[in-house]
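Morning, everyone. I have one structure to walk you through today. Please put it up on the screen.

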Amino acid sequence: MSHGRRAIAYPRGRISYLPNVGSRPGRHVYPEHFGWSNSSRYTPSRDALNIDALFNLFEYGNVPAREPNATRPSSTTTPAKPDPALDKDVLRVENVDFKVKENTRAHNTFEYDIAETEDPKLVIRRGQPFSAVFTFSRPYNAEQDDLRLVFQIGDRPIVSKGTHVEFVLSDKDEPNQWGAKIDSQSGNTVNVTFFTPPDCIVGKWSFKVDVVRRTDNQTSVFRYNYKDPIYILFNPWCKEDAVYMENEAARKEYVLRDTGKVFTGTTDRITGKPWAFAQFDGKVLDCCIYLLENSDINIAVRGNPIPVARKLTAMINAQDEGGVLAGNWSGDYSGGKSPLSWSGSRPILELYYAQKSTVKFGQCWVFSGVLTTVFRALGIPARSVTNFASAHDSDTSITIDSHFNANGEPMEHKNVDSVWNFHVWNEAWMARPDLSPGYGGWQACDATPQETSDGVYCCGPASVRAIREGEVNLPYDGPFVFAEVNADKVYWRLNKITGKDEVVQIVENVVGKNISTLALGSDEREDITKYYKPPEGSAEERVSVRRANLLGSKLHNIYTSGPEDVKVEVSFDTDTFVGQDVMVKLQATNTSKEQRTLDGLMTISTMYYTGVVDRDDRVGQENIEHCVLQPGETKDILMTCHPQGYLKKLKDCCMFSVTAMTTVGETKQCFVNRTELRLRKPHINIKAPAKGTVGTEIAVEVSFTNPLKVSLTHCYLEVEGPGLTENQRIPQGDVQASGTFIASFKIKPQKTGERELIVNFNCDQLEDVNGSCKITVS
């Protein structure tokens with residue numbers, strides 16, 4: 001026997017609470033389950049309950065326990081059954097088996113820990129069929145038994161909001177709608193296939209089975225409550241889903257891969273920081289759904305990835321919403337944890353979920369790693385993206401303005417714009433029916449609280465293609481994202497005579513470099529700059545910038561230049577390690593046929609990766625006074641900074657700001673250069689077998705050499721590995737100056753497949769000495 005499916009939506013009526021019938025637990029009248037409220041009688045349509053009388057609701061299975069006069073279920077449950085003496089002929093549900101193992105395999109959700117416990121929960125993706133086995137108290141008879149299947153979500157499920165759905169088995173097949181059909185029947189057992197629409201609300205749904213029995217003077221509903229919630233997620237495998245992604249390899253990478261790398265560093269020195277996304281582990285999925293449930297996003301649009309993505313960029317940071325993670329760029333992390341010491345999302349999300357309060361602290365790569373986890377856990381394809389030399393345009397002028405006094409010293413109090421050495425955001429994959437055709441696909445989303453958007457610290461989703469084309473007027477936050485990858489640097493100097501700031505140099509093509517993400521199916525870096533901007537210096541690139549400038553800029557007609565016949569370059573060794581001398585060279589070449597005289601200032605300061613520099617953090621300075629250059633002559637000016645002069649002022653990411661401003665006396669040519677240098681840190685060496693077995697311990701040894709001539713104190717290891725081990729924090733002893741650190745520990749693999757172990761060493765003097773290795777588990 002095979003039936004199609006037809007959804008029945010009970011119309012909203014008016015009905016009041018009726019007294020409990022009898023005294024047995026679980027025997028109640030709760031008509032609000034049908035989406036009705038506030039009157040004494042209800043007359044449904046012919047498609048729903050064709051009755052004109054009050055009805056009684058008898059609940060059994062996992063019955064929500066209620067306080068007197070409660071309007072919704074509490075968190076506890078009380079098993080109960082209908083009184084058999086009341087009606088022995090009523091069809092009762094004895095059991096519902098949602099075949100978790102088979103369904104989660106078919107839906108690519110079997111990796112979720114909650115689907116693998118002794119009491120597994122069903123996790124499915126919308127728009128894709130799933131099956132169940134019903135066991136009844138007697139054989140089901142489609143002609144006699146009025147059986148209705150009910151799905152509900154939210155505190156007050158109602159039909160009009162799509163949060164209460166009810167349907168019966170029928171011979172109609174309506175695609176992309178809720179429904180069910182009988183596949184087979186044997187005795188008291190019925191095999192059923194369920195269908196969900198590809199745009200249904202994402203979250204935890206409750207499931208109930210109603211059996212309706214009519215007599216001459218009343219209608220009774222016998223309701224079976226399934227014991228567990230059913231998790232319904234976005235589905236990149238479903239063509240009708242807004243997050244559909246055609247490429248299977250891409251789906252595996254951007255939805256199913258649970259480890260990866262977040263790229264950090266500078267344009268000249270890019271490093272990959274291993275990160276455990278761990279979207280399937282522990283209570284991560286519950287936390288992600290909790291975020292949706294406790295946001296102010298209307299539950300009816302929680303099936304639309306556009307508002308969901310935008311809201312999540314606000315919920316991950318704690319600036320407005322009391323969200324997951326507090327940002328901190330001060331260098332003082334007392335009362336929390338240094339952002340560099342995190343190596344995965346799970347500890348952050350689970351701590352937030354357990355304490356229901358903000359976790360301290362994060363910076364951009366942490367916000368991005370957590371948002372990647374949340375997107376992937378919910379089924380939205382996502383990846384972390386790093387933009388090197390990333391502009392922070394505070395006034396939507398699409399220029400980054402730096403101010404200097406008449407002597408060439410930076411005026412940091414005027415420098416509200418900045419260029420971050422790197423900035424990490426996210427891309428999420430989705431259709432954009434709200435935009436013109438062609439602007440779907442990857443959308444830039446940023447959870448790091450930088451500037452407000454619509455009064456809230458959120459950013460995106462912004463179409464990457466629209467950013468490339470300079471279409472910054474499209475939603476959302478186009479001007480800000482465009483400036484991050486395209487803004488020009490404008491240098492201003494105070495004129496001694498007029499007292500006004502004057503533009504002395506404009507530098508193009510220095511922002512938005514080496515935009516990076518993890519390459520598909522590998523551990524290598526992929527450069528995706530071409531998707532954000534045309535080739536540097538090309539006519540297409542300048543047109544894009546000019547278009548965006550006209551749409552979003554407050555400054556116009558600043559693109560002028562004067563004579564330039566002295567070539568000045570600043571260089572340094574990018575292979576310099578922490579603890580070594582830092583050497584900077586300014587090289588000036590007179591390309592004219594006349595003598596030139598150079599004056600200026602070169603400084604080096606420690607700085608935060610966000611480009612913020614304090615005057616007190618200057619660790620080196622070299623004055624350039626009346627440096628005479630004959631025609632064709634080249635001169636080098638050197639500046640050296642020793643470790644004893646910079647170690648105590650070094651910031652989190654071991655970065656320096658190198659600034660040079662020079663003026664040619666004869667032509668008034670001005671050269672300004674602000675660049676960054678990042679010191680290298682050692683990577684940790686990991687020795688572990690290439691293969692392992694579920695449940696069998698594996699011994700791991702890690703080591704590295706201390707690059708500093710001082711001892712490392714308060715040392716500890718952070719160990720993470722989805723499917724390999726629970727998160728571990730392992731205290732370690734001090735490491736002697738220039739000594740070798742060696743430690744060992746054990747892990748016990750929990751899941752099969754290729755897994756990645758991530759180890760992060762931290763101490764007072766040196767943070768984020770990391771490494772990772774792959775282990776194949778059988």
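Take the contacts in the protein chain between residues at least 6 apart in sequence: 69% of them join residues at least 24 apart. Keep in mind that this is a predicted model. The protein chain has 778 residues, and 57% of them count as buried. Its elements are 11 helices and 41 strands.

Now the inside. The largest nonpolar core holds 63 residues. Which of its residues touch the most other members? They are Leu285, Trp365 and Leu378. Several elements give two or more residues to this core. On the strand side, they are β13 (230-233), β14 (259-265), β18 (382-392) and β20 (418-430). On the helix side, they are α3 (284-293), α4 (305-316), α5 (346-355) and α6 (364-378). α6 gives the most, with 10 residues.

Zoom in on Leu285. Leaving out residues up to four places away in sequence, Leu285 touches Tyr112, Ile114, Val123, Tyr231, Leu233, Ala377 and Leu378. Apart from this core lies another one, of 56 residues. Its members include Phe572, Val584, Phe671 and Cys773.

Next, a sheet. It is open, and it has six strands. Read the order as β22-β21-β20-β18-β25-β26, with antiparallel pairing. Which strands stand at the edges? β22 (462-463) and β26 (525-527) do. Each has a single partner strand, so one side of each is left without a neighbour in the sheet.

Look at β18 and β20. They pair in the antiparallel sense, over 10 bridges. Here is one bridge to find on screen: Ser384 has Asn426, in β20, as its partner. And α6 is back: this helix packs on the sheet, where it touches β18, β20 and β21 (441-445). The direction of α6 makes about 0° with that of β20.

Last stop, the cavities. How many of 30 Å³ or more does a search of the whole structure find? Three. The largest has a volume of about 70 Å³. Its lining is made up of Glu253, Tyr254, Gly260, Lys261, Phe277, Arg376, Arg383, Ser384, Thr517 and Leu518. You have met Ser384 already, as the bridge partner of Asn426. Four elements each supply at least two residues of this lining: α2 (248-256), β14, β18 and β25 (513-518).

So keep β18 in view as you turn the model. β18 gives residues to the largest nonpolar core, pairs with β20 in the sheet, and helps line the largest cavity. Thanks, everyone.

Note on methods:
Residues numbered from 1 in each chain as written. Predicted model: local features only at pLDDT ≥ 70, side-chain atom pairs only at ≥ 80, totals over all residues. Heavy atoms only, no water. Core = buried A, V, L, I, M, F, W, Y, C linked by side-chain atoms within 4.5 Å. Buried < 20%, exposed > 50% of the residue type's maximum accessible area, 1.4 Å probe, protein only. Contact = heavy atoms within 4.5 Å. Pairing = 2+ DSSP bridges. Axes fitted to C-alpha atoms, helices over the stretch in contact; angles between N-to-C directions. 1 Å grid on protein atoms, 1.4 Å probe; cavity = no way out; pocket = protein on both sides within 12 Å on 5 of 7 lines; lining within 4 Å. Points joined across faces, edges and corners; volume = space filled by probe spheres on them.
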